[in-house]
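Trainee: Could we go through this fold together, one piece at a time? I would like to hear the reasoning behind each answer.

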Amino acid sequence: MLYIVPTPIGNLQDITLRALETLKAADAVLCEDTRRTQILLSHFGISKPTYRYNENDPRSVDRCLEALKGGKTCALVSDCGTPCISDPGWKLVKEAVAAGIKVSSLPGPSAVACALAGAGITGGAFTFLGFLPRKAGKAAKLLAAAYELNHPVVIYESPYRVVKMLELIAKTLGENTPVIAARELSKVYEEWLRGTAAEMARQMGQKKVLGEFVLIIDRPAQPEREEDNEPDPYF
Ligand code: SAM
């Protein structure tokens, strides 16, 4: 049995009771980085064998799969948040499903859901692109195509590249494109920045940027249309 276990994105108190129970009951914990996971496990007084899961190494995927096929209960974790969401895990899940191994995905912390919920811009559709490709041309193409769908576009970004990314957003989608930058979610220095892509790039470019970011790219406010105020027949 394979359990996918989300872990906190910044605040250890965000671990769920079920995540703790699952980690305690597992035969082994499959980790992105065993040292980071050991810190988490010891914080909660859990002692378990940990094994590195390296998605890019087929032998590592096979080893984990063998353990599962041998009847072991494994908990898959990543360094933060939900495994498989811009994090390793999907190949093992795919192989486990194909091998008829039961997979259970626990709900829990993920930066994309946390940022969107606090953005106050949509309760419906959005496009999540995770980390955009490193090459500016490819990133711009993907961004433009996603923005065409008329939904907010959500991306992950590191502090080292966030200014460059905001500049790319301004260049590709327009300087006045509204952006919400959710920084250091659930941590002491959690911060929500709201503004246009160009202005935010200018402001952030003036000082050293720290922390992890979720960028939510919104659309400029549209004048209200009459049909938007018509009563919804389903309400
Ligand atoms: N699996 C994780 C999840 O479920 O959100 C994502 C892991 S991905 C490697 C790491 C990226 O997630 C960071 O570069 C950042 O963009 C975003 N992220 C993670 N923790 C965050 C936090 N506390 N505040 C803002 N963004 C965060």
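Here is a friendly round of questions and answers on a predicted model.

Trainee: Let's begin with the open sheet of 5 strands. Which strands stand at the edges?

Mentor: Start from the strand order, which runs E6-E7-E10-E8-E9 with mixed pairing. An edge strand has a single partner, so one of its sides is left without a neighbour in the sheet. That description fits strands E6 (127-130) and E9 (191-196).

Trainee: And by how many degrees are neighbouring strands of this sheet turned against each other on average?

Mentor: Take the strands in their order, E6-E7-E10-E8-E9, and look at each neighbouring pair with direction ignored. On average, the turn between neighbours is 20°.

Trainee: Which residue in E9 is the bridge partner of Ile180?

Mentor: Strand E8 covers residues 178-183, and its pairing with E9 is antiparallel, over 6 bridges. Strands of a sheet pair through backbone hydrogen bonds, in either a parallel or an antiparallel sense. For Ile180, the bridge partner in E9 is Arg194.

Trainee: Which strands does helix H8 touch where it packs on the sheet?

Mentor: It helps to look at both helices that pack here. Helix H6 (residues 136-147) touches E6, strand E7 (153-157) and strand E10 (213-217), and its direction makes about 165° with that of E6. Helix H8 (residues 197-204) makes about 125° with the direction of E9. The strands touched by H8 are E8, E9 and E10.

Trainee: How are H7 and H8 oriented to each other, roughly parallel or roughly antiparallel?

Mentor: The axes of helix H7 (residues 162-173) and H8 come within 8 Å, with a crossing angle of roughly 155°. Angles over 145 degrees count as roughly antiparallel. The crossing of H7 past H8 is left-handed. By orientation, H7 and H8 are therefore roughly antiparallel.

Trainee: How many nonpolar residues does the contact of H7 with H8 have?

Mentor: H7 contributes Val162, Val163, Leu166, Glu167, Ile169 and Ala170, while H8 brings Ala197, Ala198, Met200, Ala201 and Met204. Sorted by class, this contact has 1 charged residue and no polar ones. The nonpolar count is 10.

Trainee: Now for H3 and H4. Is their crossing left-handed or right-handed?

Mentor: The axes of helix H3 (residues 58-69) and helix H4 (residues 90-98) come within 10 Å and cross at roughly 40°, so the two helices are oblique to each other. In H3, Val61, Cys64, Leu65 and Leu68 meet Leu92, Glu95 and Ala96 of H4. By class, that contact has 6 nonpolar, no polar and 1 charged residues. As for handedness, the crossing is right-handed.

Trainee: Is Leu76 buried or exposed?

Mentor: Leu76 sits in strand E4 (residues 74-76). Leaving aside neighbours within four places in sequence, its contacts include Leu2, Ile4, Leu30, Tyr53 and Leu92. Cys31, 45 residues away in sequence, lies 6.2 Å from Leu76, C-alpha to C-alpha. With a relative accessibility of 0%, Leu76 counts as buried.

Trainee: Last one: which residues does Thr37 touch, not counting those up to four places away in sequence?

Mentor: Thr37 belongs to helix H2 (residues 34-43). Its relative accessibility is 3%, so Thr37 counts as buried, the cut-off being under 20%. With residues up to four places away left out, Thr37 touches Val29, Cys31 and Val77.

Note on methods. Residues numbered from 1 in each chain as written. Predicted model: local features only at pLDDT ≥ 70, side-chain atom pairs only at ≥ 80, totals over all residues. Heavy atoms only, no water. Pairing = 2+ DSSP bridges. Helix = DSSP H or I, 4+ residues; strand = E, 2+ residues; numbered from the N terminus. Axes fitted to C-alpha atoms, helices over the stretch in contact; angles between N-to-C directions. Contact = heavy atoms within 4.5 Å. Parallel < 35°, antiparallel > 145°, perpendicular 65-115°, else oblique. Left-handed = near helix turned anticlockwise from the far one by under 90°. Nonpolar A, V, L, I, M, F, W, Y, C, P; charged D, E, K, R; others polar. Buried < 20%, exposed > 50% of the residue type's maximum accessible area, 1.4 Å probe, protein only.
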